[in-house]
Structures are given as C-alpha cells and as structure tokens.
Amino acid sequence: MRDLVAGIRYLGKGQRWVAQHGRWWGFGLIPALIALVLYAGVLTALALWSGDIAAWATPFADGWGEPWQGLLRGVFVALLFAGGLTLSVLTFTAVTLLIGDPFYESLSRAVEESEGHCPPDPDRPLWQEIGIALRDSVHVLLRAAGFGILLFVLGFVPFLGQTVIPAVGFCVSGFFLAVELTSVAMQRREVPVRERLRLLRGRKGLAVGFGTPVVLLFLIPFVAVVLMPGAVAGATLLVRDLVPDGSEPPAPDEGTAAAGPEPAAPYYGQTGAPYGQHGAGAPYGQHGAAAPGQPGAQGGFGPAPAPFPPSQGQSQAPRYPHPPSGPGSSAGRPPAGW
C-alpha cells in the first residue's frame, strides 16, 4: 500500500514540476498533439466500422433470433471498442514518445538537472536512440498484448467479466504504461528493457500506483495531451529513486570494514612468519623454533638476525654469529644454555 501511494505522489510531483516550469510544459505538448490527431482518426474509424466487424467475426449468429443476436454482437462491439481504447492508451504513450523523443529527452534532462544531478547521455546518434526506443516499445507492447488477449477472453465470463476483469485490466495497463513512461530516464542510464521490467515487477505497487491513474485520466478526451509532459517528469523522478545513478561510491562490505585493512605480506625473517617461512614464530620443526621441552620453546632463541642485502653476494645470513677464535675463546664449545 505504501508503494501504491508513493506512485500516485510521483504523478503529482511531475505535474507540479511542469506547472512551475511553464516553458517545458508547452514544449512537451507538441508531440502529444500530433499523436492525438492520429489516434482520434483511428478510433473514429473503429467506432464507425465496429458493427460490420462484429457481424464478420460472428457469422454463426446470423440465424439467431432477437434479442440474442443483437445482445451477442452488442457485447462484441463493446469489448472491441474497449480493447481498442485500452490499446490506444498503451500505444499512445509509446507513439508519443517516439514522435517526441528529442522533446521528452530534453524535458527529462531538465528535471534531473533541477534535482541536482543528471547522468550523462549515452554517446549515440539520434537515429540509433530512436531505433532502440522503437525496439523496446515493441517488446513492451507484445507483452501487453498477451495480457490484453487473455483479459479479452476472460471478459466473456459472466459477472467476473463485467466487474473484476476491467479492474485488473486497468492495473495491467497502468503497469505497462509506467514501463513506457520511465523509458526516457532508463535509457539515459542504459538500463535494458528486460531489466526495466524486472525492476518494476519488483515494485509492482509503485508502478501500478503511478500508471493506473494516468490510464484513467487518459480516457478523458484531450487530458492525455495536457498531462503527458507532467507524466514524463513524474516518471523521471520515480526513476531517480528507483535506479541508483552511480554518483555515489559503493559502500564497503560490512565484513571487510569490521576486519580492518588487510595486513601486509610477511617478509623474510619476520617474527610470527607463517608456516614454511623463517622466523621466531614459525611452527615446530621449522627454522627459528625450539622443540618442546628445550630452552627457548616459548620464543626460540630470540629474534632472527636480518639477512644480508642481496648485493653482498650471500643468499642467506647465518642463524647465529660465529664465536671469536683464539686463546680464551669459546670456539668449538656449544653456546650457553645447551
């Protein structure tokens, strides 16, 4: 429920942003007006020819008497027009975004810059950007069409087809409309379309809360044109909170932070050197360690002397210095403590 309310708020924030920046609102109206003229012609043709389409699609009802023939074809016309209207709502956004890609790209960038940070645009020519947008829109619309066909069939189920299915249809349309509206800001972040769908599926309440009110408002004539710039602005604000833009460095892993900096690698002769290396802390049987029960078992014979530098031609320093020779010296005798 919290995500649902948050999605509605993003729509309100987008409309408030364009209201405060009237120049961008007027700039975003241009592609929506062009798309409106195209869709008005298509829906008018569908309304005029829907009766003929219903008669062509239901030839088995030609011999039915009244009122059954009229009832069946009346339901078919209503579902056909409702399906066409729903499809027009979904495709209106996609077509408007394709027509107005440069317009809405500039609008979305202005929204992000006003919020303090805008990710850099991908280094691609305009024709390639439009091609990617077209490919992504077709991918989304095919998925939406699959749900639309299923909901169209379920619309013939008594009671459910007139109550539950329309509500589910609006929610599904709202989800896919949110996917389309967020595509402008997502493309700037180079998020592929499958990843966009995955992100919004993980926050279904957010996507449905944002897109479903837009679907319902777009059913009102001319409202889609007026709300389209604010819908793009609201979708941009939604994406800023949904997708990290990479401007902040990644937080360190908690285990790594608790462990502290990694210790330096031990060098030759270091006290506490690991198994197999020289040093006073090496395990029993290695250089510099005393056998249990002998003097120096707790610490060997003291710290190992530093090795000669390599330049002196000796591969390793002697473990213990040679005693002086001559009269009175201790040469030939074991060191003290043995």
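## A salt bridge within helix H4

Let's start with a pair you can find quickly: Arg 109 and Glu 105 join their side chains in a salt bridge, with 3.8 Å from N to O. Please keep in mind as you look around that this is a predicted model. Both residues sit in helix H4, which covers residues 101-114, and because they are four residues apart there, about one helical turn separates them.

How exposed are the two partners? Arg 109 has 23% relative accessibility and so counts as partly exposed. Glu 105, at 16% relative accessibility, counts as buried, because the cut-off for buried is under 20%.

## A link from H4 to H10

Helix H4 also takes part in a salt bridge with another helix. Here the side chains of Glu 112 and Arg 240 meet, at 3.0 Å from N to O. Glu 112 belongs to helix H4 and Arg 240 to helix H10 (residues 223-242), so this pair ties together parts that lie 128 residues apart in sequence.

Which of these two is buried, and which is partly exposed? Glu 112 is the buried one, with a relative accessible area of 0%. Arg 240 counts as partly exposed, at 22% relative accessibility.

## Neighbours in sequence, and a network

Now for Arg 135 and Asp 136, whose side chains form a salt bridge of 3.5 Å, N to O. Arg 135 is exposed, its relative accessible area being 55%, whereas Asp 136 is buried, with a relative accessible area of 5%.

Which residues are joined into one network by salt bridges that share partners? They are Glu 105, Arg 109, Glu 112, Arg 188, Arg 189 and Arg 240. The H4 pair Arg 109 and Glu 105 and the helix-to-helix pair Glu 112 and Arg 240 therefore have their residues in one network, since shared partners join them. In total, the structure holds nine salt bridges.

## A positive patch on the surface

Finally, turn to the surface, where Arg 143, Arg 194, Arg 201 and Lys 204 gather in a patch of positive charge. Residues in such a patch have no salt bridge and have over 30% relative accessible area.

Arg 201 is a good member to look at first. You will find Arg 201 in helix H8, which covers residues 193-202. Its relative accessibility is 39%, so Arg 201 counts as partly exposed, and that value fits the patch cut-off of over 30%.

Key
Residues numbered from 1 in each chain as written. Predicted model: local features only at pLDDT ≥ 70, side-chain atom pairs only at ≥ 80, totals over all residues. Heavy atoms only, no water. Patch = residues over 30% accessible without salt bridge, like charges linked within 9 Å, V, L, I, M, F, W, Y side chains within 5 Å. Areas by Shrake-Rupley, 256 points an atom, 1.4 Å probe, with all protein chains shown as cover. Salt bridge = Lys/Arg side-chain N within 4 Å of Asp/Glu carboxyl O. Lys, Arg positive; Asp, Glu negative; His and termini not counted. Charge placed at Lys NZ, Arg CZ, Asp CG, Glu CD. Helix = DSSP H or I, 4+ residues; strand = E, 2+ residues; numbered from the N terminus. Buried < 20%, exposed > 50% of the residue type's maximum accessible area, 1.4 Å probe, protein only.
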